[in-house]
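User: I'm new to this one and would like a quick tour of its aromatic rings. Could you walk me through them?

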Amino acid sequence: MPAAGPASQDEIFAADETTVYGDAFAALKAGRYPEAMSGFQLYLTKYPQGARADSATYWLGEAQYVQRDYASAIKSFYKVVTTYPNSRKTADALLKVGFCQYELKSYRNARATLQKVATTYPGTEIGRAAEERLAKMDVEGR
């Protein structure tokens, strides 16, 4: 059996990209949000066209959201919606934009965003979450 040759530049790049993303995601899962944010920002700086750029942007927004940095989180989530419209994270990101708007007491914008989610993704978990928040807003008179 021949010995494996040296790794190609593409293989090294892919391994490094995977490591940077994986470390950031592990920090997020462990609740180390500042570390996770730094890791996802590093990923997006080093690999702006990377295979996980949409997910890194989304999870950056999640870490910001959990830290109650709603203004930054909106920017991250909105970037997912506008830059990666075909991403699996787009619906989740749009829902989170509405949640951030709600937390920032921008109720009119939150209502419009959540209504868009509910009508764009009817019958899905994301659509139901938007409808639940809209119902809560109705009860609160917002």
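User: How many residues apart are Tyr 21 and Phe 25 in helix 1?

Analyst: A bit of background: this is a predicted model, where local features need pLDDT of at least 70, side-chain atom pairs count only at pLDDT 80 or more, and totals for chains, interfaces and linings use all residues. Numbering runs from 1 along each chain as its sequence is written, and side-chain values use heavy atoms, leaving out hydrogens and water. Helices are DSSP runs of H or I with at least four residues, numbered from the N terminus. Tyr 21 and Phe 25 both sit in helix 1 (residues 9-29), separated by about one helical turn because they are apart by 4 residues.

User: Is Tyr 21 buried or exposed?

Analyst: Buried means under 20% relative accessible area, exposed means over 50%, and partly exposed is in between (1.4 Å probe, protein chains only). Tyr 21 has 12% relative accessibility, so the label is buried.

User: What kind of aromatic pair do Tyr 21 and Phe 40 make?

Analyst: Rings of Phe, Tyr and Trp (its six-membered ring) pair if their centres lie within 6.5 Å; planes under 30 degrees apart are stacked, over 60 edge-to-face, and the rest tilted. For Tyr 21 and Phe 40, the centres are 5.8 Å apart and the planes are at 65 degrees, so the pair is edge-to-face.

User: Which helix holds Phe 40?

Analyst: This pair links distant parts of the chain, with the two residues 19 apart. Tyr 21 is in helix 1, while Phe 40 belongs to helix 2 (residues 33-46).
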